[in-house]
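The following exercises ask you to read a structure step by step, with a worked solution after each task. Please keep the sequence and the model in view as you go.

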Amino acid sequence: MMAEPHPLVRRYGTAAIAEAAAAIRAGRLVAIPTETVYGLAADAGDSAAVARIYAAKGRPSFNPLIVHVRDRAEAERLAVFDRAADALAAAFWPGPLTLVLPLRAGAPVASLVTAGLDTVAIRVPAHRAMRALIEAAGRPLAAPSANRSNGISPTRAAHVVASLGAAAELVIDDGPCAAGLESTIVAGATLLRPGPVTAEAIGRVLGRLVSGGGQPAGGTITAPGQLATHYAPAKPLRLGAGWAEPDEWLIGFDGVEGDDTLSVSGDLTEAAARLFDALHRADASDRARIAVAPLPATGIGEAIHDRLRRAATR
Ligand code: TXA
Ligand code: MG
């Protein structure tokens, strides 16, 4: 079953991290797993390295990138925290939450990372591989998802290789990502992108409801991830499908058994972790179209619906 290991792929371990850290310090790109999806990392302070990220992804414009830091103290060097940000960081870091905060004057972040904005998106990841790389490289890492622009985010090393080829110097393989959906992004009390940390959980910490749910919530803050077509597979996709037409690949859930089923027991967390892998397989199948069974929109189901809506909009 297993194909030959790809020459750019390294199994996670001390030697692989040392090699990856050396590449980062030399201004090159490394694909590395996080608890959400695989990221394409570069030294956040090196503008030439960050420019290489945009080139590798084929991003049409300079959308700002998320900066990954070791801990709250390092985040403090880059951004200014208010009480709400304090509370969210305390509750969810390390973990799949990204905070958009005012950029601190003199922060060691290339302006290409923030696309010239006066805010910066920051998170402290929980995954051992990303944490080890930040530590070994000794600097904050800018990292978008490790896929070509407008493709499906990678949740396995093989997805990265299929999407980016040799654009990353090295791909660290530490198995499939646990959450499987990109981090939740919050700016103030606005949810810019729903994700593994649910709107309910954020609302509990802030003591008020958050607005947004992935929709632009007015003002000038927008996340390019909100563009409707950000997460599209190559094939047409039909949502809420109870059955499949002959030319459709069915992604099932709960009572609806598919060619591939996200969770036989109707578990939304399991479904989130498997969603992008299922979309990759559906795209690679011999069927012309994709159908997806209905799923509840509660909890992390909100983020699943968000990604499916985008995948269906082409
Ligand atoms: O889970 C994740 O967040 C993954 C892993 C690798 O950490 N990264 C990821 O990055 O999904 P990317 O580049 O695919 O998505 C970053 C999102 C974009 O929608 C971007 O617009 C938004 O973050 N963003 C970054 N900086 C921002 C800022 N200053 N203001 C508003 N949105 C920002
Ligand atoms: Mg992305």
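**Exercise 1.** Locate Ala 273 in this predicted model, and decide whether Ala 273 is buried or exposed.

*Solution.* Begin with the secondary structure, where Ala 273 is found in helix α8, which covers residues 268–284. Next, count the surroundings: 21 other C-beta atoms lie within 10 Å of Ala 273, and because the threshold for a buried residue is 20 or more, Ala 273 is classed as buried. Then look for contacts beyond four places in sequence, which for Ala 273 are Ala 178, Ala 179 and Gly 180. Finally, compare sequence with space: Pro 196 is 77 residues away from Ala 273 along the chain, yet their C-alpha atoms are 9.6 Å apart.

**Exercise 2.** Work out the strand order of the open sheet, and then describe the surroundings of strand β5.

*Solution.* The open sheet holds 10 strands with mixed pairing, in the order β1-β8-β2-β3-β7-β4-β6-β5-β9-β10. The edges are taken by β1 (9–11) and β10 (190–193), and since each has a single partner strand, one side of each is left without a neighbour in the sheet.

Turning to β5, one partner is β9 (residues 184–187), joined in the parallel sense over 4 bridges; here Leu 97 is the bridge partner of Thr 184, and Thr 98 is that of Ile 185. The other pairing to trace is with β6 (residues 119–123), which runs antiparallel to β5 and is joined to it by 4 bridges, with Leu 101 standing opposite Val 120. As a last step, consider burial: 5 of the 6 residues of β5 (residues 97–102) are buried, so this strand is largely enclosed by the rest of the structure.

**Exercise 3.** Take the positions that UniProt lists under "binding site", and establish how Asn 63 and Ser 153 are placed.

*Solution.* The unreviewed UniProt entry lists Arg 59, Asn 63, Thr 119, Ser 145, Ser 153, Arg 193 and Tyr 231 under this heading. Asn 63 sits in the loop between α2 (47–57) and β4 (66–68), and with 17 C-beta neighbours inside 10 Å it counts as partly exposed. Ser 153 belongs to the loop between β7 (141–142) and α6 (157–164), and is buried, with 26 other C-beta atoms within 10 Å. Leaving aside residues within four places in sequence, the contacts of Ser 153 are Val 37, Ser 145, Asn 147, Glu 182 and Phe 276; one of these, Ser 145, is itself in the UniProt list.

Note on methods:
Residues numbered from 1 in each chain as written. Chains lettered and ligands numbered in written order. Predicted model: local features only at pLDDT ≥ 70, side-chain atom pairs only at ≥ 80, totals over all residues. Buried ≥ 20, exposed ≤ 12 C-beta atoms within 10 Å, placed from the backbone. Helix = DSSP H or I, 4+ residues; strand = E, 2+ residues; numbered from the N terminus. Pairing = 2+ DSSP bridges. Contact = placed C-beta atoms within 7 Å. UniProt positions renumbered as here; feature names shortened; annotations may be inferred.
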